[in-house]
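Here are my notes on the structure, for reading alongside the coordinates. They are set out as numbered points.

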Amino acid sequence: MVEIPYGKRMKPRYVRFLIITVVGVALVAFALDIPWLLITLIVLGVLNTVVCVGALYVLTKQPHTVSDDELRLRQLGFFDWRIPTADLGSAQIAERTHKGQRSVEVIGDALVIQSLTRTNVSVPFHEPQLVDLGKTGVRPVERVEFWADDPEHAVREINARTT
């Protein structure tokens with residue numbers, strides 16, 4: 001199994017959120033003398049810190065992966081899809097910007113797993129695949145587009161298992 005990291009673009013954003021939260025809570029703690037508001041802001045700050053640390057952990061420890069049997073695509077802890085390599089066509093580098101509303105959604109005939117509105121790897125399927133995105137239901141897709149920190153490596157590793 002080969003890892004395909006995808007968090008390089010998102011990690012700095014979570015680190016900034018984390019720093020802003022810690023500094024913001026500290027400044028508020030010194031500036032406010034209203035106990036209930038201070039407690040509320042500290043609780044919200046702690047929750048935001050947990051979310052940011054969790055996102056950084058997931059981005060580091062749960063990358064996309066490809067093996068001889070499957071391509072596993074993830075988006076933080078919210079999306080995890082396994083596609084048999086036998087169903088995959090030839091992967092290619094295809095950098096695109098998407099105007100989607102969600103980080104994982106079907107746009108046209110593609111499942112788009114974007115990183116800050118961008119994808120850089122496109123993998124067609126031999127036959128349409130069904131993907132269940134929960135609220136939007138089950139939809140057929142003809143390809144998947146996703147972000148990889150090193151798209152050349154991702155394409156090379158996927159194609160080594162599909163050809």
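1. Two strands are taken as paired if DSSP finds at least two bridges between them. The model is predicted. On that definition, strand 3 (residues 70-75) and strand 4 (residues 79-84) are a pair, because six bridges join them in the antiparallel sense. Within this pairing, Q75 has F79 of strand 4 as its bridge partner.

2. Strand 3 and strand 4 make a hairpin, with three residues between them. In the turn, L76 has a positive phi of about 50 degrees.

3. The two faces of strand 4 deserve a look. F79, W81 and I83 lie on its covered face, whereas D80, R82 and P84 lie on the uncovered one. In a regular strand the side chains alternate between the two faces of the sheet.

4. Next, the five-stranded sheet. This sheet is open and has mixed pairing, with the strand order 5-8-9-7-6. Its edges are strand 5 (92-97) and strand 6 (104-107), each of which pairs on one side only. On average, neighbouring strands in this sheet are turned by 45 degrees against each other, with direction ignored.

5. At one edge, strand 5 pairs with strand 8 (residues 118-132) through four bridges in the antiparallel sense. Here R96 stands opposite T119 of strand 8.

6. Strand 8 is also paired with strand 9, again in the antiparallel sense, over eight bridges. S122 has E145 in strand 9 as its bridge partner. Strand 8 and strand 9 form a hairpin with five residues between the strands, and G134 there takes a positive phi near 75 degrees.

7. Which strand runs parallel to strand 9? It is strand 7 (residues 110-113), joined to strand 9 by four bridges. In strand 9, F146 is the residue opposite I113.

8. Helix 3 (residues 151-162) lies across strand 5, strand 8 and strand 9 (138-146). The helix runs at about 30 degrees to strand 8.

9. Last, a surface feature. V15, I19, V23 and L27 form a nonpolar patch on the surface, and together they have about 360 Å² of accessible area. One of these residues, I19, is found in helix 1 (residues 11-31). Is I19 buried or exposed? The relative accessible area of I19 is 52%, so the residue counts as exposed, the cut-off being over 50%.

Definitions and conventions. Residues numbered from 1 in each chain as written. Predicted model: local features only at pLDDT ≥ 70, side-chain atom pairs only at ≥ 80, totals over all residues. Heavy atoms only, no water. Axes fitted to C-alpha atoms, helices over the stretch in contact; angles between N-to-C directions. Contact = heavy atoms within 4.5 Å. Patch = residues over 30% accessible without salt bridge, like charges linked within 9 Å, V, L, I, M, F, W, Y side chains within 5 Å. Areas by Shrake-Rupley, 256 points an atom, 1.4 Å probe, with all protein chains shown as cover. Salt bridge = Lys/Arg side-chain N within 4 Å of Asp/Glu carboxyl O. Buried < 20%, exposed > 50% of the residue type's maximum accessible area, 1.4 Å probe, protein only.
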